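Here are some exercises to work through with the model open in your viewer. Try each task before reading its solution.

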Amino acid sequence: MSTVLRLDRITKRFGRLVANDEVTLDLEDGEILALLGENGAGKTTLMNILFGHYTADAGAVQVFGKTLPPGRPRAAIRVGVGMVHQHFALADNLSVLDNIMLGSEPLLRMRSRRQEGSARLLALSEKFGLPVDPDARVSGLSVGERQRVEILKALYRDARILILDEPTAVLARPEARQLFETLRSMTGQGLSIIFISHKLYEVMAASDRVAVLREGRKVAERTTARTTPDELAELMVGNPVTRPRREDHEIGAPLLVAEDVTVYLDRKPALQDLTFTVHEGEILGIVGVSGNGQAALGALLSGVASPHDGKLMLQGREIGGLGPRAFIAAGIGRIPEDRHAEGVVGELPVWENSVLERLATKAFSNLGFVRRRAARDHTRVLIERFDIRGASPEMRVGLLSGGNMQKLILGRVLAAAPGVIIANQPTRGLDEGAIAAVHAELLSARKAGAAIILISEELEEALSLSDRLQAIVGGRLSRPVSAKDANPRRLGLMMAGVWDEMSNAA
Amino acid sequence: MRLERRTSVKWTLGAGAALAAVMTALAFAAGLILAAGVNPLVAYLEMLRGALGSRLAITEMLTRAVPLMLTGLAAAVAFRARLWNIGAEGQFYLGALAVAWAGHSLMSSLPSAIGIAALMVVGMAAGALLLSGPAYLRLRFNVDEVVTTLLMNFVVILFVGLMIEGPMRDPLAFGWPQSVPVDRNFRLPDLVQGTRLHAGFLIALAMAGIVWLIIARTVFGTEARAAGFNARAAEFAGVSLPRTIMGVALLSGGLAGLAGGIEVAGVTGGVTTTMSPGFGYAGIVVAMLAALHPAGVVAASVFVATVFVGADAMSRATGVPSFIADVIVALALLTMLVALLFSSYRIRR
């Protein structure tokens, strides 16, 4: 084996923050190297330096023995480095082929050589087992397909080293498994791969070697076969982490009840005949493969969408469709699925975001004027209590990391001591430390008697937190099963829509 | 080289950026003045003298700044909430027409303070009403308000023409197309004797303060800002988008209508179809120069008024066409956009 890529003592500072501190990394020919680290550990920065998006303050990048000029993505592409970003860089309105050929041809060529391009794309697609339709529009593709297009885009430019930034963040479990199989077969064809991740199980499953970054420093390198998830977790976080566990306790009276609720979005039924009950002190887990109605369920339970049929009742009072403000006033705390799109207004400061939901209440306004001191004091308490790192009341929320933003949203919800909590994918994209913190908060709210609906695509999470579970498939809910009777295999079947024969077990 | 978002922008940096933008625009325009065969320093000195050189000049300049300040506020309020009100010109004219009509029809025995207050309300109401239509269409049918507000300008000006040729024609104007005038009793009092500067200047300043208070300190203002930046998150947090957008529309339209009303009650007396040299459109430039901040609007309207009033004087003294004023204002808008970029981002290598 020979070294195809070497990062030599890379250092990068943003102001006072040291994002990368003398990081040295080698990639061997034909291996899959996982770059593991929490959010903000400097993984993405390092890869952006490698690809030339950023310029390092010190250190050098060597590809196939040659040093790359800093700050030139084009040079990186020329020597065969391809990067697949976490957020895809595809033009929605163009076809797959257009997207792939874009920028690969001389600007002044009279006619685009689409025939050759198409043939070449299909050959690559065949060779690496990445099926695509060259003429399909990107806007019509699923996330998994888009990722395939991104990978093909890199291969089309003769990439021999492929870098993937959190490739599974947007994928469901089966898609992720398929992706890793593809990556494995690609190494057989002579490619070398680096992928960035903070998920332990996929690092264990898919890599040959792991480099762990923490606070900008490379703290360890391990051969995957000779390490354990526990060791990696500890290396990544710096101290042993364990997710909190649910303790059995008595559940109380029914609080939030849905009876045969049907919701239409865009004139199509998004949810049909939903029936569920969640009690005081209980966590009801809703599991399912992404895209099976979770978004509509979240919208219904946060008051954004109205039921067209059936009843949604809080303590016997009909509340369906009363709107977000009425839901908040009724003591329903909502954690939205997408923090950036729904959770916060990135341009506004932390303090305005932390009171936005309850701005019109007496606590934070008087005669239509905002009680700024009260709001700021409240925000400081939230920052302290929920350990929102790096936050100050005046700072723009958009500058917080994903985990800290989620803690702010969680804090905003929990500070109001809600009777009901709707948590829609509450730990999506978070690292181990933040996940443990979010779980602990949800469990302590449960202990305090809150009724919690947890909508999650993470099976481990749903299993470890929920008292009862229901699967959502195609906008319909299965009968509930209690946590005692649930296991990953059974839930897997339920998520695939196989639940009728075991309905009497519930 | 790449751009990096600054974590926070101090107001001194923002103000400095605006100043730098204006200086850069003046430097570019100096090239044109030079091309016209005049020493730019001389020309700019004449401009300053024309706008600030005497008591009369200053009051003329401030008189010109009043409608700009109000239409600038109208644009700033709307743009902050991402309501693209391009119709301040129409709202200005409708406000002016309504005030002329009311000011002519009110009983002249009414105490003048009450009459004036009523006229201001009438002007605001007319402008607010005019913008509520496009706002409703946007909320109900998702009709693009850029198109509707812009086109309404032409409709309103034709309507003004119709009214001042017909039912509201001033019989004492010897066939000149002008509306009936506001009763003498309800004209805005002069602020400085013997000049045209009127009490509307104080009203405009007060409005800037009130608008700042609304934007920065009230629940409505905070919700409107949230809705402007991220409508979905605002809605999720319980902000009623229809109510907020409609509230913003009424405020914005009202300010532009007030601009027209004040111009009639303070300067012209009656309405003509040429009474606004594009105050509504210039308000957009003023708002952008001000980075949508009310205090900035006050400064920017004074700057734009200085350029326009000063350019006339410069033109008389040096022979450089007064169109240079339009060029300077347009350049300032462009340089300001660049300055905004550099004040919210920093360059990194």
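## Exercise 1: A loop proline

A:P106 sits in the loop that links α3 (96-101) and α4 (114-128) of chain A. Keep in mind that we're working with a predicted model.

Task: find out how exposed A:P106 is, and how far its C-alpha atom lies from that of A:N239.

Solution. Start with the relative accessible area of A:P106, which is 47%. Exposed would need over 50%, so A:P106 counts as partly exposed. Next, take the C-alpha atoms of A:P106 and A:N239: they are separated by 52 Å, with the two residues 133 apart along the chain.

## Exercise 2: Another loop, and a helix residue

Task: place A:D266 and A:E175 in chain A, then work out which distant residues they can be paired with.

Solution. A:D266 first: look in the loop between β11 (254-265) and β12 (268-279) of chain A. Its relative accessible area is 72%, so A:D266 is exposed. From A:D266 to A:M186 you cover 80 residues along the chain, and the C-alpha atoms are separated by 41 Å.

Now A:E175, which belongs to helix α6 (residues 173-188) of chain A. A:E175 is partly exposed, at a relative accessible area of 30%. A:E175 and A:E145 are 30 residues apart in sequence, and 9.7 Å apart in space from C-alpha to C-alpha. Leaving out residues up to four places away in sequence, A:E175 touches A:S142 and A:G144.

## Exercise 3: Positive phi angles

Task: check the phi angles of A:R9, A:D158 and A:G52, and note the surroundings of each.

Solution. Some background helps: most residues other than glycine have a negative phi.

- A:R9 isn't a glycine, yet its phi is positive at about 45°. A:R9 is part of strand β1 (residues 3-14) of chain A, and it is partly exposed, with a relative accessible area of 49%.
- A:D158 isn't a glycine either, and it has a positive phi of about 60°. Look for A:D158 in the loop between α5 (143-156) and β7 (161-164) of chain A. A:D158 counts as exposed, at 52% relative accessibility.
- A:G52 follows α1(A), and its phi is positive, near 95°.

## Exercise 4: An enclosed helix

Task: decide whether helix α1 (residues 43-51) of chain A is largely enclosed or open.

Solution. List the buried residues of α1(A): A:K43, A:T45, A:L46, A:M47, A:N48, A:I49, A:L50 and A:F51. That's 8 of the 9 residues in the helix, so α1(A) is largely enclosed by the rest of the structure.

## Exercise 5: Helix α7 of chain B

Task: compare the span of α7(B) with what you'd expect, then find its buried face and its packing partners.

Solution. Helix α7 (residues 200-217) of chain B has 18 residues, so at 1.5 Å a residue it should span 26 Å. The end C-alpha atoms are 25 Å apart, which agrees.

Next, pick out the buried residues of α7(B): B:G200, B:F201, B:A204, B:M207, B:A208, B:V211, B:I215 and B:A216. Seen down the helix axis, these fall within an arc of 145°, so they line one face of α7(B).

What do they pack against? The partners are α13 (372-385) of chain A, plus α3 (55-80), α5 (112-141), α8 (219-229), α10 (241-268) and α12 (294-318) of chain B.

Zoom in on α10(B). Its axis and that of α7(B) come within 11 Å and cross at roughly 170°, so the two helices are roughly antiparallel. On the α7(B) side, B:G200, B:I203, B:M207, B:V211 and B:I214 meet B:L251, B:L255, B:L258 and B:I262 in α10(B).

## Exercise 6: Two crossings in chain B

Task: describe how α1(B) crosses α2(B), and how α11(B) crosses α13(B).

Solution. Helix α1 (residues 11-35) and helix α2 (residues 40-52) of chain B pack at about 110°, with axes 9 Å apart. That puts α1(B) roughly perpendicular to α2(B), in a right-handed crossing. B:L26, B:A29, B:A30, B:I33 and B:L34 in α1(B) meet B:P40, B:A43 and B:Y44 in α2(B).

For helix α11 (residues 279-289) and helix α13 (residues 324-344) of chain B, the axes come within 9 Å and cross at roughly 30°. This crossing of α11(B) past α13(B) is left-handed. Here B:V285, B:M288 and B:L289 in α11(B) meet several residues of α13(B), including B:V329, B:A332 and B:L333.

How values were computed. Residues numbered from 1 in each chain as written. Chains lettered and ligands numbered in written order. Predicted model: local features only at pLDDT ≥ 70, side-chain atom pairs only at ≥ 80, totals over all residues. Heavy atoms only, no water. Helix = DSSP H or I, 4+ residues; strand = E, 2+ residues; numbered from the N terminus. Expected span 1.5 Å × (residues − 1). Buried < 20%, exposed > 50% of the residue type's maximum accessible area, 1.4 Å probe, protein only. Arc of directions from axis to C-beta. Contact = heavy atoms within 4.5 Å. Axes fitted to C-alpha atoms, helices over the stretch in contact; angles between N-to-C directions. Parallel < 35°, antiparallel > 145°, perpendicular 65-115°, else oblique. Left-handed = near helix turned anticlockwise from the far one by under 90°.
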